[in-house]
Amino acid sequence: MPSSPSVATDPSPGSAPVIRDRRADLIVVLAALALAIWVTSGMWRDPNTRTITVNSSDQALFEWLLAFGGHSLTHGENPLFTHLINVPDGANLAVNTSITVYAWVFAPLTYLIGPPATFLVILTLNLAATASAWYWLLSRHLVRSRLAAAVGGLFIGYCPAMVSHANAHLNWTAGWLVPLLIWGVFALRRPGNAVRGGVLLGVLVAIAFSIAAEGLFFTALALASFLAVWAAQPSRRTEVRAALPHFLRGLGVTALVAGVLLAYPLWLHFAGPQRFHGTGFDPLIHAEDIAAYGSYPRRSLAGWAGLGTSLAPNPTEENSFFGIPLLLLAVACFVLLWRRADRAFRATLWALAVTALVFAVLSWGPTAKWNGRRTDQLLPFGVLDNLPVVNAALPSRLALVVAPVIGLLLAYAVDQLRAAPPRHRSTELAWAIGFAAALLPLLPTPLLTRVREPIPAFITAGTWKQHVSPGGVLTPLPLTVDVTPDGQRWQAYALAHRQGEFRIPAGFFLGPGGPDGRGRIGPVPRTFDSLMDQAGRTGLVPIITDGSIRESLADLRYWHVEAVVLPDRVHGAKYDIDEEALRRTATALLGPPQRVDDVWLWKVPPA
């Protein structure tokens, strides 16, 4: 059976004729925006007091990054390295997710409405833009049917992985970058487009590196895998030979432009201070369970009905969770397309299938795990894990590549079914039921949110400036880390409201100090913060000795801390904090506090 024009010759960007339907475009964009607001609806009631339940620590980090990035822009400071946190060593933000582009572009909004509200705006726009960008790529370059493009774009934009990462990940929800990068890569093959296309793609690469470097790495790997398999097919060799010179020239321009724009960030990433090798996360834990591919995510209609599972390492990393019906539908779409395709398009289908299979297997991590039980079976990622750059990636996130492949298969299949409907009405009905059974259970439900502790008036009123010298060091209790992010929340407020700078020890960041030279979250603990963590976590005052008092004072002087502050309510991202135990412990170490506004404050005596 001959294939339709939309997939007959070349499925790469630029092949399908553009049929403009502005009404359909508007409907899809509005649908994408409505779904984004629906998913984030729990925070829209009051962005300044509500937080994402399962990942308030990452939310606090991104809010701080937005405030710091805007501050760096308006004050001419280095946006990729700061001494505002982790005093005295500072933090290398180039090896963290700095989102500098977002911070600079949205700086006016951050100063106007504050970091929490700006965070929510970007998160919502990320989701809507991802679905819309994929719809644009599909409708303008890959399929004729607007319905087909809408099915593919909305699925990719709101697939389980995207909804899962909407739990505070501004980097991974920026999936709108991927279709733009794909379009830019395929545009390089056009004659005469080497300079213009290379410059544009180089700028896109630099933007993607700033927002989601790990995502850029995965996109490059996926494109390389697809192109290698696609170009090796006999039906494509003539076309490849003709396009290769133009493509390589454009790729050279891309490398030059991206290299110039990213020269300093890359140096800082691989050779700068406070760098590290690998990551602070265990690849055995952050690997996809094989059974997760056929399971349902928690934030979905199926999850709401009680069919969700907890096979992911945490609720933000449900990177597959397609459900068995969707996997069966994807296979059926592949068979339909294969039977109808000519030799040229079969090369594309083969490349898509190989890419999805490779990344699915890699996402299973170093050793296989089935339904929560780990085996000793060594997998390909276990061999690759020691390679540079690869050892900094979390294997479970490689499953993010599989979702767009499934979305493409769905879009191509709908396009084919609309161009050449089945002869029997029962077959057409079966396809409709199949799509409904596969996609309806995956409809997203709103993210879980809760009220978080307010920033104390001691900070919002600027009283802190009476107790800390300009640029001096202040620390909340307990010290700022991922599970107790108050210090960076306070700092973000002060920066965004132009109160001035105070510095803090520790912080939520990735830095050196992990086992085997790898990274870790925050600095290596010292006596003072270990005692405070123990008190806040357990509710019990540790045994205080003369030695622990001397060591704690030495720690505070090492950090140059001038004031230690305990609010009435401490935000614990993973567990409740016992403020009374913290106050008693700090009093045993530092003496009686003074009450200032709504906090307890201890002044640190000089050496």
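Here's a short walk through this predicted model, from its core out to a hairpin.

Let's begin on the inside. The largest nonpolar core is made of 144 residues. Within that core, the residues with the most contacts are Y102, F119, F155, L326 and F458. Which helix gives the core its largest share? That's helix α11, spanning residues 194-232, which supplies 16 residues. There's also a second core, separate from this one, with 22 residues, including F528, L531, A581 and V604.

Now zoom in on F119, one of the core residues just named. If you skip its neighbours within four places in sequence, F119 is in contact with M43, I52, Q59, F62, E63, L66, A168 and L170.

Next, find N167, which sits in the loop between α9 (160-165) and α10 (177-187). Is N167 buried or exposed? Its relative accessibility is 3%, and buried means under 20%, so N167 counts as buried. Who does N167 touch? Leaving out residues up to four places away in sequence, N167 touches I52, V54, N55, P315, T316 and L447. You've met I52 already: it's among the contacts of F119 too.

Finally, let's look at the hairpin. Strand β4 (residues 367-370) and strand β5 run antiparallel, and three bridges join them. One pairing to look for is W370 with R373, its bridge partner in β5. Two residues lie between the strands, and N371 takes a positive phi near 55 degrees. Why does β5 (residues 373-378) lie largely in the open? Because of its six residues, the number buried is zero.

Methods
Residues are numbered from 1 along each chain as its sequence is written. This is a predicted model: local features need pLDDT of at least 70, side-chain atom pairs count only at pLDDT 80 or more; totals for chains, interfaces and linings use all residues. Side-chain values use heavy atoms; hydrogens and water are left out. A nonpolar core is a set of buried Ala, Val, Leu, Ile, Met, Phe, Trp, Tyr and Cys residues joined through side-chain atoms within 4.5 Å. Buried means under 20% relative accessible area, exposed over 50%, partly exposed in between (1.4 Å probe, protein chains only). Helices (H or I, at least four residues) and strands (E, at least two) are DSSP runs, numbered from the N terminus. Contact means heavy atoms within 4.5 Å. Two strands pair if DSSP finds at least two bridges between them.
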